[in-house]
Amino acid sequence: MGTAKVSNSSSEDQNVSNYNETDVILNVYDLTPLNNYSYWVGFGIFHSGIEVHGKEYGFGAHDFPVSGVFEVEPKSCPGFIYRSSILLGRINMPYSEFREFIENVASEYHGDTYHLISKNCNHFTDDMAQRLIGRHIPGWVNRMARLGSLCSCLLPESLQVTKVKELPEYHEIEDGTESLSTATPGDSTEIDDTDQEKHLLSPKDGNFDIAFIKEAQS
């Protein structure tokens with residue numbers, strides 16, 4: 001009599017499911033130290049990124065009709081002051097599927113369509129949250145934009161025009177897909193001092209650690 005074989009398919013399926021599951025996290029940053037005071041009364045000027053599969057994705061401005069969606073290490077978006085993280089939910093989506101998803105989203109968020117009031121980084125993360133888990137980001141994150149013209153009056157001048165001046169270039173990344181990046185440490189840039197404060201993603205030391213996502217081709 002033959003012995004029955006014990007199937008491992010159930011445990012294997014569970015392992016695959018666990019591997020594909022990932023938290024969806026909203027990482028919030030201060031754009032100005034004034035947030036330390038205004039935050040407690042429900043106001044502030046914030047940047048946000050959405051963290052999925054161990055990477056953070058945001059939306060930034062530049063002058064070109066290509067993707068403005070970028071990828072950074074979580075909680076370390078250059079040029080901003082990390083404030084807090086909010087767990088929005090959890091999804092079951094393989095990284096390869098998510099990569100296809102984010103490239104499709106990138107085609108809807110070109111850098112030259114960025115608008116401080118109507119299409120900013122927080123609109124992007126809110127859209128991502130709705131598509132991935134069916135819920136909005138907390139209202140206080142983008143409250144200033146909803147106040148419209150008042151927001152522009154309260155913003156420091158250096159934050160009212162936020163652009164990456166040079167056209168980012170594509171390069172290969174670890175998974176074989178292409179991303180596009182701004183200047184990296186050691187690269188030279190032809191930017192004078194008067195333009196420096198106009199950069200969306202420009203830490204004080206001038207280094208960049210971001211990679212723009214190449215949009216899906218239609």
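Here are four short exercises with worked solutions on the predicted model above.

Residues are numbered from 1 along each chain as its sequence is written, and side-chain values use heavy atoms, with hydrogens and water left out. Because this is a predicted model, local features need pLDDT of at least 70 and side-chain atom pairs count only at pLDDT 80 or more, while totals for chains, interfaces and linings use all residues.

**Exercise 1. Salt bridges**

Task: find how many salt bridges the whole structure has, then work out which parts K55 and E73 tie together.

Solution:
- Start with the cut-off: a salt bridge is a side-chain nitrogen of Lys or Arg within 4 Å of a carboxyl oxygen of Asp or Glu.
- Searching the whole structure with this rule gives eight salt bridges.
- One of them joins the side chains of K55 and E73, with N to O at 2.2 Å.
- K55 belongs to strand β3 (residues 55–59) and E73 to the loop between β4 (69–72) and β5 (81–92), so this pair ties together parts 18 residues apart in sequence. Helices (H or I, at least four residues) and strands (E, at least two) are DSSP runs, numbered from the N terminus.
- Now check accessibility: buried means under 20% relative accessible area, exposed over 50%, and partly exposed in between (1.4 Å probe, protein chains only).
- K55 is partly exposed at 24%, and E73 is partly exposed at 36%.

**Exercise 2. The partners of R99**

Task: which residues form salt bridges with R99, and is R99 buried or exposed?

Solution:
- Take E71: its closest O atom and the closest N atom of R99 are 3.0 Å apart, a salt bridge.
- R99 sits in helix α3 (residues 95–106) and E71 in strand β4, so the pair ties together parts 28 residues apart in sequence.
- Next take E103: R99 forms a salt bridge with this residue too, the closest N and O atoms being 3.7 Å apart.
- R99 and E103 share helix α3, four residues apart, about one turn of the helix.
- Finally, R99 is buried, with a relative accessible area of 4%. E71 is buried as well, and E103 counts as buried at 18%.

**Exercise 3. Cysteines**

Task: explain why C77 and C121 are not bonded to each other.

Solution:
- A disulfide is a pair of cysteine sulfur atoms within 2.5 Å.
- The closest cysteine sulfur to that of C77 is in C121, 8.5 Å away, which is too far for a bond.
- The structure accordingly holds zero disulfides.
- Both residues count as buried: C77 has 2% relative accessibility and C121 has 5%.

**Exercise 4. A buried glutamate**

Task: E215 is buried yet has no salt bridge; find what its side chain reaches.

Solution:
- Locate E215 in the segment after β8 (211–213).
- Look for opposite charge, counting Lys and Arg as positive and Asp and Glu as negative, with His and the chain ends not counted. The nearest such side chain, K214, is 9.4 Å away.
- Then look for polar contacts: pairs of N or O atoms within 3.5 Å, where within protein one must be able to donate a hydrogen and the other to accept it, and residues adjacent in sequence count only if both atoms are side-chain atoms.
- The side chain of E215 reaches the backbone nitrogen of S67 at 3.2 Å and makes a polar contact of 3.0 Å with the side chain of H110.
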